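Got your viewer open and a cartoon view ready? Here is a friendly walk through this model, one selection at a time.

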Amino acid sequence: MIKNQPPNFMQIQVNEYDLPDISILDDENWPDYKFFTWSPERIYLILGQSNKTEKSLIIENVIKDSIKVYKRPSGGESVILTPNTLVISTLIKSEKLENPAKYFETANKKIIEILSSLGINNLKQKGISDIAIGEKKILGSSIYRKTNNVFYHAVLNISEETDLMEKYLAHPGKEPDYRLGRKHEDFVTSIHAENHKIESTSIAASF
């Protein structure tokens with residue numbers, strides 16, 4: 001940031017989403033609902049397809065900390081990826097785009113089954129495409145269709161503190177019904193915060 005210049009969203013470079021999971025999108029041999037997982041090595045902020053930097057991010061903090069920003073092709077609201085989160089993605093072959101709820105329900109059900117097998121209980125799909133423990137969000141997901149492939153990707157909060165979300169993410173323009181206007185700190189939880197001390201590598205190995 002230039003000295004004495006007030007922070008401006010125009011100072012933030014928004015990159016096209018090219019993080020590791022997008023690589024399966026063009027893999028013609030990727031089996032339906034086979035999961036690809038990866039853990040970010042640093043903090044990234046990911047805008048949804050229709051999100052605007054100036055409305056979705058805390059501009060001053062993003063510029064001050066030189067956080068890298070991407071825009072993904074899928075819908076939904078902005079998210080933060082950190083080394084304490086796990087990205088879970090898959091591909092579904094589909095000649096036509098059916099009701100998106102079908103893809104979310106199927107993928108989220110499979111993820112819930114895997115997490116439940118690790119002893120993580122009280123998991124339910126909430127809102128349009130979240131997975132929650134009780135009334136708190138633990139995973140958000142979105143989809144994107146390209147030719148005959150539906151790309152599903154999600155971010156699971158393993159142990160990230162909600163302070164970081166408050167620091168970089170504005171309150172979303174659209175929210176699921178169960179959020180009820182709650183701040184990130186009141187709405188989001190993590191695997192560790194729910195007293196499941198399972199490391200990201202162990203969870204990733206279960207997919």
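The stops below go through the sheets, the cores and the largest pocket. Keep in mind along the way that this is a predicted model.

**Stop 1: the six-stranded sheet**

Start by colouring the strands of the open six-stranded sheet, whose order is 2-6-10-9-8-7 with antiparallel pairing. Now select residues 36-38 (strand 2) and 123-126 (strand 7): these strands stand at the edges, and each has a single partner strand, so one side of each is left without a neighbour in the sheet. Looking across the sheet, you will find neighbouring strands turned by 20° against each other on average, direction ignored.

Stay at the strand 7 edge and add residues 130-133, which make up strand 8. Strands 7 and 8 run antiparallel and are joined by four bridges. To see one of the pairs, show Lys126 together with its bridge partner in strand 8, Asp130.

**Stop 2: the four-stranded sheet**

Next, move to the other open sheet on this tour, with four strands in the order 1-4-3-5 and mixed pairing. Which strands stand at the edges here? Select strand 1 (14-16) and strand 5: each has a single partner strand, so one side of each lacks a neighbour in the sheet. In this sheet the average turn between neighbouring strands is 35°, direction ignored.

Now pick out strand 3, residues 44-47. On one side, four bridges join strand 3 to strand 4 (residues 68-71), and the two run parallel; show Leu47 with its bridge partner Lys71 as an example. Strand 3 is also joined to strand 5 (residues 79-81), this time antiparallel and through three bridges, with Tyr44 and Leu81 as bridge partners.

Are the side chains of strand 3 buried or exposed? Turn on Tyr44 and Ile46, which lie on one side, and then Leu45 and Leu47 on the other: all are buried, so both faces of the strand are covered.

**Stop 3: the nonpolar cores**

Show side chains for Ile111, Leu123, Ile138, Leu139, Tyr152, Leu156 and Ile203, the residues with the most contacts inside the largest nonpolar core, which has 28 residues. Strand 6 (85-93), helix 3 (100-117), strand 8, strand 9 (136-146), strand 10 (149-157) and helix 6 (200-205) each give two or more residues to this core. Helix 3 provides the largest share, with seven residues.

Centre on Leu139 and list its contacts, leaving out residues up to four places away in sequence: among them are Ile88, Asn108, Ile111, Ser129, Tyr152 and Leu156. Another core, of 18 residues, lies apart from the largest one; select Ile59, Ile63, Ala132 and Tyr178 to see some of its members.

**Stop 4: the largest pocket**

Finish with a surface view of the largest pocket, which has a volume of about 1,100 Å³. What is closest to its centre? Select Arg72, Gly76, Glu77, Ser78 and Lys137, the closest of the 49 lining residues. Elements giving two or more residues to the lining include helix 1 (53-56), strand 5, helix 3 and helix 5 (184-187). Colour strand 9 last: with seven residues, strand 9 gives the most to the lining of this pocket.

Terms used: Residues numbered from 1 in each chain as written. Predicted model: local features only at pLDDT ≥ 70, side-chain atom pairs only at ≥ 80, totals over all residues. Heavy atoms only, no water. Pairing = 2+ DSSP bridges. Axes fitted to C-alpha atoms, helices over the stretch in contact; angles between N-to-C directions. Buried < 20%, exposed > 50% of the residue type's maximum accessible area, 1.4 Å probe, protein only. Core = buried A, V, L, I, M, F, W, Y, C linked by side-chain atoms within 4.5 Å. Contact = heavy atoms within 4.5 Å. 1 Å grid on protein atoms, 1.4 Å probe; cavity = no way out; pocket = protein on both sides within 12 Å on 5 of 7 lines; lining within 4 Å. Points joined across faces, edges and corners; volume = space filled by probe spheres on them.
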